Amino acid sequence: AVELKLSEKQISKVPQKIKKDRNLDESSGKLLIKNVPFETTKKDLRNLFAAFGEIKHIRLPKKLAGTGNHRGFAFVEYSSVAEARKAFEATGDSTHLYGRRLVVEWAKEDATVAEMRAKTAEVFVPTETEKKKLEDVLK
């Protein structure tokens, strides 16, 4: 069973940078949940976040294949942006799960295949200057 406690702690003033980051992209129905306790399961997250609307998908990325441990964050995707906004506003800065305060942010929209290829090419495809340097070294 999931135990949920509402924190009585008052947050004095949230820095503008944090507020700005938390409101990254409200156009998607996907939330990023950070600081997820390692004993948390998808079922626990579903029980916690289903109260705010219909969940389309929950993803709890693993550390390594076969280890069984997740990486301490999760994605919760709702059927609509309105449901995601409701969950985002309700969970705020004071939702705790297994003794850890969850950090809820808007997830970035998934990149298209073309964008991912371009980003990969920037890292792995040498520029003209790098090609010339490589040719000079090999001479």
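This passage walks through one helix, two residues with buried side chains and a few unusual backbone angles in a predicted model.

Helix H3 is a good place to start. Spanning residues 81-91, H3 has four buried residues: Ala84, Ala87, Phe88 and Thr91. These residues sit on the same side of H3, because they cover an arc of only 100° around the axis. The spacing fits a general rule: an α-helix has 3.6 residues a turn, so residues three or four places apart point the same way. Turn H3 around and the picture changes, with the exposed residues Ala82 and Glu89 carried on the face directed away from the buried side. Just past the end of H3 comes Gly92, whose phi is positive, at about 40°.

Glycine is not alone in having a positive phi here. Asn35 has one of about 65° despite not being a glycine. Asn35 belongs to the loop that runs between E2 and helix H2 (42-49), and with a relative accessible area of 28% Asn35 is partly exposed. Tyr98 is another non-glycine residue with a positive phi, in this case near 50°. The loop holding Tyr98 lies between strand E5 (95-97) and strand E6 (100-101). Tyr98 has a relative accessible area of 35%, so it too falls in the partly exposed class.

Next comes a lysine that is tucked away. Lys30 is part of strand E2, which covers residues 30-34. Its relative accessibility is 13%, and since the cut-off for buried is under 20%, Lys30 counts as buried. What does Lys30 contact, once neighbours within four places in sequence are left aside? The list is made up of Phe75, Val76, Glu77, Trp106, Ala107 and Asp110.

His70 is buried as well, with a relative accessible area of 4%. This histidine is in the loop between strand E3 (55-59) and strand E4 (73-78). Its side chain has polar partners in the backbone. A polar atom of the His70 side chain lies 3.0 Å from the backbone oxygen of Pro37, and the side chain also reaches the backbone nitrogen of Gly72 at 3.0 Å. Pro37 turns up again among the residues that His70 touches, not counting those up to four places away in sequence. Val36, Phe38 and Thr40 are on that list too, along with Leu60, Pro61, Lys62 and Lys63.

Notes
Residues are numbered from 1 along each chain as its sequence is written. This is a predicted model: local features need pLDDT of at least 70, side-chain atom pairs count only at pLDDT 80 or more; totals for chains, interfaces and linings use all residues. Side-chain values use heavy atoms; hydrogens and water are left out. Buried means under 20% relative accessible area, exposed over 50%, partly exposed in between (1.4 Å probe, protein chains only). Helices (H or I, at least four residues) and strands (E, at least two) are DSSP runs, numbered from the N terminus. The arc is that of the directions from the helix axis to the C-beta atoms. Contact means heavy atoms within 4.5 Å. A polar contact is a pair of N or O atoms within 3.5 Å; within protein, one must be able to donate a hydrogen and the other to accept it, and residues adjacent in sequence count only if both atoms are side-chain atoms.
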